[in-house]
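Welcome, and thanks for opening your viewer. Let's take a short walk through a few selections, one stop after another.

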Amino acid sequence: MDADHNDIMIQFAYPRLDINVSKGLNHLLKSPFCVHPKTGRVCIPIDIQKVENFDPFQVPTISLLRSEVDKLHQANSDDEASQANSLKGSRKVAEATSLKPALDTFNSFVKQLSVSNYAMKRDDSDRSLEF
């Protein structure tokens with residue numbers, strides 16, 4: 001009876017995917033900072049410590065980002081030397097938009113992953129030196 005009970009629980013609780021989700025290349029957002037083709041919303045990483053505060057309707061859209069970048073360029077167009085220095089590189093431009101909190105979350109995640117990966121490699125290296 002327990003096996004049947006578990007099967008029923010899995011049947012109802014396990015996430016279901018329709019066929020389009022698994023075969024369509026553009027059906028799901030697949031990586032951070034990609035843009036949903038219909039809504040224009042940017043897929044952003046979220047801080048798991050703040051997941052309760054996450055509102056998917058408040059994420060930046062591509063049109064919002066474009067207007068923010070246009071405003072940055074307009075504000076700096078008066079002084080060409082200033083524009084060349086202050087908006088040099090797409091990273092600085094992105095950090096001056098509403099993507100900054102998501103970029104900070106992503107950078108923090110990558111840094112933690114890097115530290116963890118380094119520690120694992122160091123431990124493996126230490127083990128291989130044991131005689």
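Start with a surface view and look at the largest pocket: by class, its lining has eight nonpolar, three polar and three charged residues. Keep in mind as you go that this is a predicted model. The space in this largest pocket comes to about 320 Å³. Its lining has 14 residues, and those closest to the centre are Ile44, Pro45, Asp47, Pro101 and Thr105, so select these five to centre your view.

Now for the second largest pocket, with a volume of about 190 Å³. Select Pro45, Ile46, Asp47, Ile48 and Gln49, then add Thr105, Phe106, Ser108, Phe109 and Gln112: these residues line the second largest pocket. How does this lining divide by class? Five of its residues are nonpolar, four are polar and one is charged. Pro45, Asp47 and Thr105 will look familiar, as they are named among the residues closest to the centre of the largest pocket and also line the second largest one.

For the last stop, select threonine 97. Where does threonine 97 lie? You will find threonine 97 in the loop between helix H5 (90-95) and helix H6 (100-128). Is threonine 97 buried or exposed? Threonine 97 counts as buried, because its relative accessibility is 10%, with the cut-off for buried set at under 20%.

Next, show the side chain of threonine 97 and the backbone of alanine 94: a polar atom of that side chain lies 2.6 Å from the backbone oxygen of alanine 94. To finish, add Leu65, Glu68, Val69 and Leu72, which are in contact with threonine 97 when its neighbours within four places in sequence are left aside.

Note on methods
Residues are numbered from 1 along each chain as its sequence is written. This is a predicted model: local features need pLDDT of at least 70, side-chain atom pairs count only at pLDDT 80 or more; totals for chains, interfaces and linings use all residues. Side-chain values use heavy atoms; hydrogens and water are left out. Helices (H or I, at least four residues) and strands (E, at least two) are DSSP runs, numbered from the N terminus. Buried means under 20% relative accessible area, exposed over 50%, partly exposed in between (1.4 Å probe, protein chains only). A polar contact is a pair of N or O atoms within 3.5 Å; within protein, one must be able to donate a hydrogen and the other to accept it, and residues adjacent in sequence count only if both atoms are side-chain atoms. Contact means heavy atoms within 4.5 Å. On a 1 Å grid over the protein atoms alone, a cavity is a set of points where a 1.4 Å probe fits but cannot get out, and a pocket is an open set with protein on both sides within 12 Å along at least five of seven lines; lining residues have an atom within 4 Å of a point. Grid points are joined across faces, edges and corners, and a volume is the space filled by probe spheres set on the points. Ala, Val, Leu, Ile, Met, Phe, Trp, Tyr, Cys and Pro count as nonpolar, Asp, Glu, Lys and Arg as charged, and the others, Gly among them, as polar.
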